[in-house]
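Thanks for coming, everyone. Let me put the structure up, and then we'll walk through one part of it.

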Amino acid sequence: MADIMSICREHTTLTAMQQELLKRMLVVFPFLADLAHAHVRLYLVRSDKKSFVIAAEHWPHTVYLTPEEPSIGDVVRMIEEPLLCRAMQTGRFSQGKREWNYGSMIDMMAEPVYDGSTILGIVCFETTSENRAMEGYSRLLDAARLLLKSARKHLEPAMYQHLSASDGIIITDQFNRITFATTAATRIFRVLGVQSLVGGHLFDRKITQHITKETQVTSRPWEREVEVGGLVLLERDLPIKEGGRLLCRILVISDLTEVREKDREIQVQSAVIQEIHHRVKNNLQTIASLLRMQARRSKSPDVKAALKEGVNRILSIAIVHEFLSEQGHATVNVKQLAEQIFHLVAMSMVDRDFALETDCEGEPLILPSSYASSIGLVLNELVLNATEHGFEGRHAGRICLAMREEPAGYVLTFTDDGIGLPEGFDAAHARSLGVSIMRTLIEGDLGGSIQYDGAPGGGTRVTVAFPKNHKPSV
C-alpha cells in the first residue's frame, strides 16, 4: 500500500513541507477514528483540479461499521463528492449524507485542513445516524476536530493509539470542567461513589479522594496508573492547547484491574516454577555427586567409565534446570546452553593434557523451554561421542555447533575435526548407547531427524533438524 508521501508526489502539487505537515497529522488518525466513532479519510485535490485522491484512512475500534475494501490511493471525481467540494469552496466544516452501499445512507462530516490560508485537503468523518444520535456525540466530534487542528506539531504516536470499546472517555472545557463522559467512564466512577461526572471539575476531591496509590509512567509522562477504590486504572491525559492556552482536555481511562491481577498471578506462578527448577537442579547435582563417589570406589574401568558418562548426562539436565531457574521458564537460549554443556564435558570428560577448542556459530536460537531437556541431552551425547571416539589418539581437537532457524523448523549442525566416522557406519543399526539416546530424543521427543556424514576438511558432521509445530514430550 502506497504511503502518503508517494501519493502526494504522484497525484498533487503539494510542496515537501506541506507533505511533511500532512504526514505529522496522520499520527492522530487512529485516535480520531475511535473518538468520533467514524471511518476517517483524508482526501487531497489532484493536480487536474477535477478529482480527489484518498491519501489515508482509519477504521474505528470503538464501534462497528460495515467494512469496505481499502481505498488508499483511489481516485474520486469531484462531481461524485459534492460535500467535499462544498468544504473546499467555503473552507468551512460541512455536514451531510451520502450513499454508503446498496442504497443505505451514511452521515458525512468534512473538515478542511489548512496550511496558512491554503487548503491542503479534506478530512472526512463517516458514521451511521445511530452513532451520531448518541447523547453527547457533538462533544466527541468537537474534540476530534480540535485535536485535528492541533496535530500540526510533532506528537508522540503512542499518545494517540487506538482506543477500545471498554475505555472510558472524559472531555473537559478550558477550565477542566467535565462536559462529556462515556457510559464506560460513568460506570467506572460509579463504583468509586461518584454518581455524576458531567458538570463536575476534573480535579474535584469527590473524584480524586479514593486514590490510594499513583504511579507516573516514566516513559509516558501523559499516562499514570492509579489504584483507587479497589480498582487499578490507567489514565491517559491529552490536553489540547493553542498558543499555550487550554482548549479542552481528553482523558482516557482503562480499567486494568483484571489485567494486573493476572500479572500478579503469573509472577507468583513464575517464581514457584523457577524455585522448582532450582530444587531439581540441586537434587540432580546431589545424585551426580553420589555417582561420582560410587565411581571412585569401583575397581572396574568399565564401571568407572559408565558411571562417568551417567554423571555427565545427569549434569547436562541439571544445566537445563539451572537455565530455567535463572532466566524464567518460557524460553531457553540454545547457544548459551551449548556453551555450558561444552564447558561441562571439557572439564569432566576430557583429559587435562587434551586441548579442546569449542565454538558456537549463528544467531542465538531462542526455543520454548519444552525443547530444553531433549536438546541438552542431544548436545551432551554429541560432545561425548566426539571426545571419546573422534579424537582417539590425538592431543587436540575442535568441536563446533552451528544453529539456524528455517520457515518450517530448526537445524543444528555439529561438527568435529576428528578421525571421522568408522567405515561402514550405519546409525540405524549402531549399538552405541549414545547413538540410541540421540535417535530416541530427536525422533521421539522432537519429531525430527538426524543425519551423519563427513565434515568438509575431515571429521564428522551431524545434522539435527526438527519442526516448529511439534509438541515435545515434557
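How many residues lie between S18 and S19 in their hairpin? There are 5, and in the turn Gly457 has a positive phi of about 85 degrees.

Some ground rules. This is a predicted model, with residues numbered from 1 along each chain as its sequence is written. Local features need pLDDT of at least 70, side-chain atom pairs count only at pLDDT 80 or more, totals for chains, interfaces and linings use all residues, and side-chain values use heavy atoms, leaving out hydrogens and water.

Helices (H or I, at least four residues) and strands (E, at least two) are DSSP runs, numbered from the N terminus. Two strands pair if DSSP finds at least two bridges between them.

Now the sheet. It is open, with 5 strands in the order S14-S16-S17-S19-S18, and the pairing is mixed. S14 (355-361) and S18 are the edge strands, each pairing on one side only.

Look at S19, residues 460-467. Its side chains alternate. Thr460, Val462, Val464 and Phe466 point to one face and are buried (under 20% relative accessible area, 1.4 Å probe, protein chains only). Arg461, Thr463, Ala465 and Pro467 point to the other face and are not buried.

S19 has antiparallel partners. S17 (residues 409-416) pairs with S19 over 8 bridges. S18 (residues 449-454) pairs with S19 over 6 bridges. Val462 stands opposite Phe414, and Val462 is also the bridge partner of Tyr452.

One step further: S16 (residues 396-405) and S17 are antiparallel too, over 7 bridges. There, Leu401 has Phe414 as its bridge partner.

Terms used. Buried means under 20% relative accessible area, exposed over 50%, partly exposed in between (1.4 Å probe, protein chains only).
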